[in-house]
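Colleague: I am new to this structure and would be grateful for some guidance on reading it. May we go through it one feature at a time?

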Amino acid sequence: MKLLLVEDNERLAERLKYQLTKLYLVDVTTTGEGALTKAAETRYGVIVLDLGLPDMPGLTVCKRLREELKLDTPILILTGVDEVTSRVQLLDAGADDYLTKPFDSDELRARIAALARRQPLHIAKPALVYQDLVIDTERRTVVRAGTPIDLRRKEFDILEYLVSNRGRVLTREMIIDHAWDSSKTSWNSTVDVHIKHLRDKIDRPFHSSLIKTAYGLGYRVDVPK
């Protein structure tokens with residue numbers, strides 16, 4: 001699961017990220033605008049949002065996530081205010097839970113896990129089918145021409161991303177942003193290495209290429225004719 005941590009205190013943000021990275025992929029931003037941009041581009045399991053941001057109140061960010069972006073992602077507010085009126089405002093703004101500073105890191109992890117479990121039940125997504133390739137996005141399994149293919153996590157994420165966007169060229173930067181923690185430095189060559197591994201597993205044994213190179217741009221999977 002991928003988390004978005006919105007915290008303007010850089011030392012606190014680094015400490016929380018270090019603790020949470022043991023369990024999750026964690027993106028960090030220090031501003032409200034940054035939070036809105038990242039939330040619009042990436043599907044997060046939980047958003048951890050501090051109220052005291054430099055460019056806009058966290059309460060405003062929470063409302064915009066709900067009203068403008070129409071997100072149903074669980075939002076956990078970090079607040080130094082422990083007043084009943086503030087709690088009501090937070091819940092009215094669309095927050096799912098809040099945690100008052102200072103807090104114990106174990107409690108933060110427990111609250112995040114609880115929010116992840118409380119997400120509404122959803123209808124299982126149908127498998128992605130592309131020619132003779134079947135991607136089960138729920139079980140995270142891949143089969144081509146009836147043969148199961150064992151993929152690593154990043155390989156699966158990249159393949160699912162390509163097939164979900166078939167007909168569209170995905171740049172290396174887009175693939176990095178989708179499959180990696182965006183705060184980490186990932187070189188374009190990292191994508192190329194993972195694509196090579198993917199091709200070794202899903203293309204070369206079957207003597208036909210599903211993943212195409214868009215020279216100078218990135219990679220794509222074509223729309224079947």
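Colleague: Let us begin with a single residue: is I211 buried or exposed?

Modeller: Please keep in mind that this is a predicted model. A residue is called buried when its relative accessible area is under 20%. I211 has a relative accessible area of 1%, so I211 is buried.

Colleague: Where does I211 lie, and with which residues is I211 in contact?

Modeller: I211 belongs to strand β11. Setting aside neighbours within four places in sequence, its contacts include L162, I195, L198, R199, I202 and D203. Y219, R220 and V221 are also in contact with I211. As for V221, ten residues separate it from I211 in sequence, while the C-alpha atoms of the two are 5.2 Å apart.

Colleague: How should I read the sheet, and what is the order of its strands?

Modeller: One reads a sheet by following which strand pairs with which. Here an open sheet of three strands runs in the order β10-β12-β11, and the pairing is antiparallel. β10 (170-171) and β11 (211-214) are the edge strands, each pairing on one side only. Between β10 and β12 (residues 218-221) there are two bridges, and L170 stands opposite Y219 of β12.

Colleague: Turning to a helix, how many residues does α5 have, and what does it reach from its first C-alpha to its last?

Modeller: The reach of a helix can be set against the value expected at 1.5 Å a residue. α5 (residues 105-117) has 13 residues and reaches 19 Å, close to the expected 18 Å. At its N-terminal end, D104 acts as a cap, with a side-chain oxygen 2.9 Å from the backbone nitrogen of D106.

Colleague: Which residues of α5 are buried, and what covers them?

Modeller: The buried residues are S105, L108, I112 and L115. They cover an arc of only 85° around the axis, and therefore lie on the same side of α5. Their cover includes the strands β1 (2-6), β3 (46-50), β4 (75-79) and β5 (97-100), together with helix α1 (10-20).

Colleague: Finally, how many helices and strands does the chain have, and what does the chain span?

Modeller: The chain has eight helices and twelve strands, and its C-alpha trace spans about 65 × 35 × 30 Å along the principal axes. Of its 225 residues, 45% count as buried. The chain exposes about 12,300 Å², of which carbon and sulfur atoms supply 52%. Among contacts with a separation of 6 or more, 54% come from residues 24 or more positions apart.

How values were computed: Residues numbered from 1 in each chain as written. Predicted model: local features only at pLDDT ≥ 70, side-chain atom pairs only at ≥ 80, totals over all residues. Heavy atoms only, no water. Helix = DSSP H or I, 4+ residues; strand = E, 2+ residues; numbered from the N terminus. Buried < 20%, exposed > 50% of the residue type's maximum accessible area, 1.4 Å probe, protein only. Arc of directions from axis to C-beta. Contact = heavy atoms within 4.5 Å. Polar contact = N/O pair within 3.5 Å; in protein donor to acceptor, adjacent residues only side chain to side chain. Areas by Shrake-Rupley, 256 points an atom, 1.4 Å probe, with all protein chains shown as cover. Pairing = 2+ DSSP bridges.
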